[in-house]
Amino acid sequence: MARTGPAERPLSPHLQIYKPSITMVMSILHRITGAALFVGTLLLVIFLVALASGKTSFGTVQAIYGSFLGKLVLFGYTWALFQHMCGGIRHFIWDTGAGLERETRLKLGWATLIGSLVLTALAWIVYFLG
Amino acid sequence: MSKSTESLSTPMARVRGLGAAKSGTGHFWLTRLTAVANVPLTIAFVVIVLMLAKADYAAAMKIVGHPVAGILLLLFVGSATVHMRLGMQVIIEDYVHSEGTKIVLLMLNTFFAVFVGLASAYAILKVGFGG
Ligand code: HEM
(Lines give C-alpha, C1' and ligand atoms only; values in the text may rest on other atoms or scores of the structure.)
Protein backbone atom coordinates (compact mmCIF):
# COMPACT_ATOMS: atom_id res chain seq x y z
CA MET A 1 0.00 0.00 0.00
CA ALA A 2 1.20 3.53 -0.72
CA ARG A 3 1.83 5.34 2.53
CA THR A 4 0.00 8.60 2.95
CA GLY A 5 1.14 10.21 6.21
CA PRO A 6 4.54 9.91 7.87
CA ALA A 7 5.24 6.47 9.29
CA GLU A 8 4.46 6.14 12.98
CA ARG A 9 6.99 3.40 13.59
CA PRO A 10 10.72 3.04 13.07
CA LEU A 11 11.51 2.05 9.49
CA SER A 12 14.57 0.30 8.18
CA PRO A 13 16.81 2.75 6.29
CA HIS A 14 17.17 2.19 2.58
CA LEU A 15 20.01 0.28 0.89
CA GLN A 16 22.29 3.21 0.00
CA ILE A 17 23.01 3.95 3.63
CA TYR A 18 24.92 0.71 4.23
CA LYS A 19 28.58 0.15 3.39
CA PRO A 20 28.57 -2.53 0.69
CA SER A 21 29.79 -5.95 1.82
CA ILE A 22 30.27 -9.18 -0.08
CA THR A 23 27.27 -10.64 1.80
CA MET A 24 25.06 -7.85 0.56
CA VAL A 25 26.31 -7.95 -3.01
CA MET A 26 25.79 -11.73 -3.19
CA SER A 27 22.30 -11.32 -1.78
CA ILE A 28 21.38 -8.76 -4.43
CA LEU A 29 22.96 -10.97 -7.10
CA HIS A 30 20.81 -13.89 -5.97
CA ARG A 31 17.69 -11.90 -6.73
CA ILE A 32 18.99 -10.47 -10.01
CA THR A 33 20.15 -13.89 -11.25
CA GLY A 34 16.85 -15.43 -10.15
CA ALA A 35 14.95 -12.90 -12.25
CA ALA A 36 17.36 -13.37 -15.16
CA LEU A 37 16.93 -17.15 -15.03
CA PHE A 38 13.16 -16.65 -15.04
CA VAL A 39 13.38 -14.80 -18.35
CA GLY A 40 16.14 -17.13 -19.53
CA THR A 41 13.84 -20.16 -19.46
CA LEU A 42 12.55 -18.74 -22.77
CA LEU A 43 15.86 -19.83 -24.30
CA LEU A 44 15.10 -23.41 -23.29
CA VAL A 45 11.48 -23.46 -24.49
CA ILE A 46 12.46 -21.92 -27.82
CA PHE A 47 15.19 -24.51 -28.29
CA LEU A 48 12.97 -27.46 -27.37
CA VAL A 49 9.97 -26.33 -29.41
CA ALA A 50 12.22 -25.66 -32.40
CA LEU A 51 13.69 -29.16 -32.10
CA ALA A 52 10.22 -30.71 -31.85
CA SER A 53 9.04 -28.66 -34.85
CA GLY A 54 11.58 -30.02 -37.30
CA LYS A 55 14.87 -29.64 -39.06
CA THR A 56 14.39 -26.13 -40.48
CA SER A 57 13.32 -24.42 -37.26
CA PHE A 58 16.02 -26.26 -35.34
CA GLY A 59 18.65 -25.04 -37.82
CA THR A 60 17.48 -21.45 -37.41
CA VAL A 61 17.63 -21.56 -33.61
CA GLN A 62 20.96 -23.39 -33.56
CA ALA A 63 22.40 -20.70 -35.88
CA ILE A 64 21.15 -17.86 -33.64
CA TYR A 65 22.34 -19.54 -30.42
CA GLY A 66 25.69 -20.35 -32.05
CA SER A 67 26.30 -16.77 -33.22
CA PHE A 68 28.61 -14.48 -31.27
CA LEU A 69 25.72 -12.65 -29.63
CA GLY A 70 23.96 -15.94 -28.93
CA LYS A 71 27.04 -17.34 -27.26
CA LEU A 72 27.41 -14.18 -25.20
CA VAL A 73 23.84 -14.50 -23.91
CA LEU A 74 24.35 -18.20 -23.19
CA PHE A 75 27.58 -17.42 -21.36
CA GLY A 76 25.70 -14.96 -19.19
CA TYR A 77 22.97 -17.51 -18.64
CA THR A 78 25.52 -20.13 -17.57
CA TRP A 79 27.05 -17.79 -15.03
CA ALA A 80 23.65 -16.68 -13.71
CA LEU A 81 22.65 -20.32 -13.28
CA PHE A 82 25.79 -21.26 -11.35
CA GLN A 83 25.85 -18.03 -9.33
CA HIS A 84 22.24 -18.61 -8.32
CA MET A 85 22.90 -22.28 -7.57
CA CYS A 86 25.88 -21.46 -5.32
CA GLY A 87 23.88 -18.65 -3.69
CA GLY A 88 21.08 -21.15 -3.09
CA ILE A 89 23.46 -23.58 -1.41
CA ARG A 90 24.58 -20.71 0.83
CA HIS A 91 20.92 -20.24 1.76
CA PHE A 92 20.64 -23.94 2.66
CA ILE A 93 23.60 -23.59 5.04
CA TRP A 94 21.98 -20.57 6.65
CA ASP A 95 18.63 -22.37 6.85
CA THR A 96 20.23 -24.89 9.22
CA GLY A 97 21.29 -22.00 11.45
CA ALA A 98 24.98 -22.40 10.63
CA GLY A 99 27.40 -20.00 8.97
CA LEU A 100 25.89 -16.75 10.19
CA GLU A 101 28.95 -15.47 12.08
CA ARG A 102 30.71 -12.53 10.47
CA GLU A 103 33.85 -14.41 9.41
CA THR A 104 31.97 -17.40 7.97
CA ARG A 105 29.45 -15.14 6.31
CA LEU A 106 32.15 -13.26 4.43
CA LYS A 107 33.88 -16.51 3.46
CA LEU A 108 30.60 -17.95 2.18
CA GLY A 109 30.04 -14.86 0.08
CA TRP A 110 33.42 -15.18 -1.61
CA ALA A 111 32.96 -18.95 -1.99
CA THR A 112 29.68 -18.28 -3.81
CA LEU A 113 31.31 -15.95 -6.29
CA ILE A 114 34.45 -18.03 -6.84
CA GLY A 115 32.38 -21.21 -7.10
CA SER A 116 30.14 -19.74 -9.78
CA LEU A 117 33.08 -18.40 -11.79
CA VAL A 118 34.94 -21.73 -11.63
CA LEU A 119 31.86 -23.74 -12.67
CA THR A 120 31.12 -21.33 -15.52
CA ALA A 121 34.72 -21.52 -16.76
CA LEU A 122 34.62 -25.31 -16.50
CA ALA A 123 31.44 -25.59 -18.58
CA TRP A 124 32.82 -23.35 -21.31
CA ILE A 125 36.19 -25.08 -21.37
CA VAL A 126 34.33 -28.36 -21.93
CA TYR A 127 32.37 -26.63 -24.70
CA PHE A 128 35.43 -25.27 -26.50
CA LEU A 129 37.47 -28.46 -26.11
CA GLY A 130 34.60 -30.88 -26.80
CA MET B 1 -5.68 -0.83 21.32
CA SER B 2 -9.18 -0.88 22.82
CA LYS B 3 -10.18 -3.30 20.09
CA SER B 4 -8.14 -6.13 21.55
CA THR B 5 -10.34 -6.19 24.63
CA GLU B 6 -13.55 -6.29 22.56
CA SER B 7 -12.55 -9.12 20.25
CA LEU B 8 -12.56 -12.77 21.11
CA SER B 9 -9.99 -13.67 18.45
CA THR B 10 -6.40 -14.04 19.56
CA PRO B 11 -3.79 -11.48 18.44
CA MET B 12 -2.25 -14.23 16.26
CA ALA B 13 -5.53 -14.90 14.48
CA ARG B 14 -5.93 -11.21 13.75
CA VAL B 15 -2.52 -10.71 12.12
CA ARG B 16 -2.30 -14.01 10.28
CA GLY B 17 -2.47 -13.59 6.51
CA LEU B 18 -2.08 -9.82 6.55
CA GLY B 19 1.37 -9.61 4.95
CA ALA B 20 1.92 -8.76 1.30
CA ALA B 21 1.64 -12.44 0.40
CA LYS B 22 -1.42 -13.24 2.58
CA SER B 23 0.13 -16.58 3.38
CA GLY B 24 2.98 -18.21 5.22
CA THR B 25 5.32 -21.16 5.48
CA GLY B 26 3.91 -23.26 2.64
CA HIS B 27 5.51 -20.91 0.14
CA PHE B 28 8.86 -20.94 1.93
CA TRP B 29 8.85 -24.73 2.12
CA LEU B 30 8.02 -25.30 -1.55
CA THR B 31 10.73 -22.81 -2.56
CA ARG B 32 13.30 -24.79 -0.53
CA LEU B 33 12.06 -28.17 -1.78
CA THR B 34 12.32 -27.15 -5.43
CA ALA B 35 15.62 -25.35 -4.76
CA VAL B 36 17.14 -28.55 -3.34
CA ALA B 37 15.85 -30.53 -6.32
CA ASN B 38 17.24 -27.86 -8.65
CA VAL B 39 20.85 -28.47 -7.63
CA PRO B 40 21.34 -31.98 -9.14
CA LEU B 41 18.82 -31.23 -11.91
CA THR B 42 20.70 -28.07 -12.94
CA ILE B 43 23.96 -29.99 -13.16
CA ALA B 44 22.25 -32.66 -15.28
CA PHE B 45 20.72 -29.90 -17.41
CA VAL B 46 24.08 -28.25 -18.07
CA VAL B 47 25.61 -31.61 -19.03
CA ILE B 48 22.76 -32.27 -21.50
CA VAL B 49 23.09 -28.75 -22.94
CA LEU B 50 26.83 -29.29 -23.42
CA MET B 51 26.07 -32.51 -25.29
CA LEU B 52 23.58 -30.60 -27.46
CA ALA B 53 25.82 -27.60 -28.07
CA LYS B 54 27.43 -28.85 -31.26
CA ALA B 55 24.80 -31.36 -32.29
CA ASP B 56 23.08 -31.28 -35.68
CA TYR B 57 19.36 -32.03 -35.99
CA ALA B 58 19.64 -35.83 -36.05
CA ALA B 59 22.05 -35.91 -33.13
CA ALA B 60 19.93 -33.50 -31.08
CA MET B 61 16.81 -35.62 -31.67
CA LYS B 62 18.71 -38.64 -30.46
CA ILE B 63 20.03 -36.91 -27.32
CA VAL B 64 16.73 -35.34 -26.22
CA GLY B 65 14.90 -38.48 -27.35
CA HIS B 66 16.89 -40.68 -25.00
CA PRO B 67 14.68 -41.59 -22.01
CA VAL B 68 17.29 -40.65 -19.39
CA ALA B 69 17.91 -37.20 -20.89
CA GLY B 70 14.19 -36.70 -21.53
CA ILE B 71 13.23 -37.59 -17.97
CA LEU B 72 15.97 -35.38 -16.49
CA LEU B 73 14.88 -32.48 -18.70
CA LEU B 74 11.25 -32.96 -17.65
CA LEU B 75 12.21 -33.01 -13.98
CA PHE B 76 14.37 -29.90 -14.40
CA VAL B 77 11.64 -28.01 -16.23
CA GLY B 78 9.02 -29.05 -13.67
CA SER B 79 11.07 -28.14 -10.62
CA ALA B 80 12.48 -24.93 -12.12
CA THR B 81 9.12 -23.56 -13.26
CA VAL B 82 7.44 -24.16 -9.89
CA HIS B 83 10.49 -22.64 -8.16
CA MET B 84 10.76 -19.59 -10.40
CA ARG B 85 7.04 -18.86 -10.10
CA LEU B 86 7.38 -18.79 -6.29
CA GLY B 87 10.55 -16.70 -6.50
CA MET B 88 9.09 -14.15 -8.91
CA GLN B 89 5.98 -13.93 -6.74
CA VAL B 90 8.12 -12.73 -3.83
CA ILE B 91 9.89 -10.19 -6.04
CA ILE B 92 6.53 -8.82 -7.22
CA GLU B 93 5.18 -8.66 -3.66
CA ASP B 94 8.30 -6.81 -2.55
CA TYR B 95 8.30 -4.10 -5.21
CA VAL B 96 4.75 -3.65 -6.48
CA HIS B 97 2.59 -1.89 -3.95
CA SER B 98 -0.49 -1.04 -5.99
CA GLU B 99 -2.99 -3.84 -5.35
CA GLY B 100 -4.37 -3.93 -8.90
CA THR B 101 -1.01 -4.01 -10.66
CA LYS B 102 0.19 -6.63 -8.19
CA ILE B 103 -2.69 -8.98 -8.94
CA VAL B 104 -2.21 -8.59 -12.71
CA LEU B 105 1.52 -9.28 -12.44
CA LEU B 106 0.94 -12.29 -10.18
CA MET B 107 -1.45 -13.70 -12.79
CA LEU B 108 1.04 -13.09 -15.61
CA ASN B 109 3.73 -14.74 -13.49
CA THR B 110 1.65 -17.90 -13.22
CA PHE B 111 0.70 -17.84 -16.91
CA PHE B 112 4.36 -17.55 -17.89
CA ALA B 113 5.50 -20.36 -15.62
CA VAL B 114 2.72 -22.69 -16.79
CA PHE B 115 3.42 -21.83 -20.42
CA VAL B 116 7.15 -22.48 -20.12
CA GLY B 117 6.53 -25.71 -18.22
CA LEU B 118 3.89 -27.18 -20.49
CA ALA B 119 5.41 -26.06 -23.80
CA SER B 120 8.77 -27.54 -22.81
CA ALA B 121 7.17 -30.76 -21.58
CA TYR B 122 5.17 -31.10 -24.80
CA ALA B 123 8.29 -30.65 -26.91
CA ILE B 124 10.39 -33.08 -24.85
CA LEU B 125 7.67 -35.74 -24.97
CA LYS B 126 7.08 -35.24 -28.70
CA VAL B 127 10.77 -35.76 -29.42
CA GLY B 128 10.91 -38.69 -27.01
CA PHE B 129 7.92 -40.42 -28.58
CA GLY B 130 9.43 -40.24 -32.03
CA GLY B 131 9.40 -36.62 -33.31
C1 HEM C 1 20.16 -24.30 -9.47
C2 HEM C 1 19.64 -24.51 -8.33
C3 HEM C 1 18.83 -23.47 -7.59
C4 HEM C 1 18.91 -23.24 -6.28
C5 HEM C 1 19.77 -24.00 -5.27
C6 HEM C 1 18.01 -22.14 -5.97
C7 HEM C 1 17.80 -21.64 -4.70
C8 HEM C 1 16.98 -20.60 -4.40
C9 HEM C 1 16.63 -20.16 -3.07
C10 HEM C 1 17.10 -20.81 -1.76
C11 HEM C 1 15.84 -19.08 -3.19
C12 HEM C 1 15.20 -18.29 -2.06
C13 HEM C 1 16.03 -17.13 -1.67
C14 HEM C 1 15.44 -16.38 -0.50
O15 HEM C 1 14.68 -16.96 0.28
O16 HEM C 1 15.75 -15.19 -0.37
C17 HEM C 1 15.68 -18.81 -4.59
C18 HEM C 1 14.97 -17.76 -5.13
C19 HEM C 1 14.70 -17.61 -6.48
N20 HEM C 1 15.04 -18.49 -7.49
FE21 HEM C 1 16.23 -20.09 -7.31
N22 HEM C 1 17.42 -21.71 -7.12
C23 HEM C 1 17.88 -22.51 -8.14
C24 HEM C 1 17.52 -22.43 -9.47
C25 HEM C 1 16.67 -21.49 -10.00
C26 HEM C 1 16.25 -21.44 -11.37
C27 HEM C 1 16.65 -22.43 -12.45
C28 HEM C 1 15.42 -20.35 -11.49
C29 HEM C 1 14.68 -19.79 -12.68
C30 HEM C 1 14.40 -20.46 -13.75
C31 HEM C 1 15.34 -19.70 -10.20
C32 HEM C 1 14.63 -18.56 -9.92
C33 HEM C 1 14.53 -17.97 -8.67
C34 HEM C 1 13.87 -16.72 -8.41
C35 HEM C 1 13.17 -15.83 -9.42
C36 HEM C 1 14.00 -16.49 -7.03
C37 HEM C 1 13.50 -15.29 -6.24
C38 HEM C 1 14.67 -14.41 -5.89
C39 HEM C 1 14.43 -13.51 -4.71
O40 HEM C 1 13.41 -13.61 -4.03
O41 HEM C 1 15.32 -12.70 -4.43
N42 HEM C 1 16.11 -20.43 -9.31
N43 HEM C 1 16.38 -19.76 -5.32
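Visitor: What makes the pair between A:Arg31 and the ligand a polar contact?
Guide: A polar side-chain atom of A:Arg31 is 2.6 Å from a ligand oxygen atom. A polar contact is a pair of N or O atoms within 3.5 Å, so this pair qualifies. This is a predicted model, where local features need pLDDT of at least 70 and side-chain atom pairs count only at pLDDT 80 or more, while totals for chains, interfaces and linings use all residues. Residues are numbered from 1 along each chain as its sequence is written, chains are lettered from A and ligands numbered from 1 in the order written, and side-chain values use heavy atoms, without hydrogens and water.

Visitor: Which ligand atom do A:His30 and A:His84 approach?
Guide: A side-chain N or O atom of A:His30 is 3.3 Å from a ligand nitrogen atom. For A:His84, a polar side-chain atom is 2.8 Å from a ligand nitrogen atom.

Visitor: Why is the site called shared between chains?
Guide: Chains A and B both supply residues around the ligand, so the site is shared. The shell has 23 residues, with A:Arg31, A:His84, B:Arg32, B:Thr42 and B:His83 nearest; a residue counts if a heavy atom lies within 4 Å. The largest share, 7 residues, comes from α1(A).

Visitor: How do you know how far α3(B) reaches against its expected span?
Guide: The expected span is 1.5 Å times one less than the number of residues. α3(B) has 28 residues and reaches 39 Å between its end C-alpha atoms, close to the expected 40 Å.

Visitor: Where does α3(B) bend?
Guide: At B:Val39, by about 35°, with B:Pro40 following within four residues. The bend is the angle between axes fitted to the seven residues ending there and the seven starting there.

Conventions. Polar contact = N/O pair within 3.5 Å; in protein donor to acceptor, adjacent residues only side chain to side chain. Helix = DSSP H or I, 4+ residues; strand = E, 2+ residues; numbered from the N terminus.
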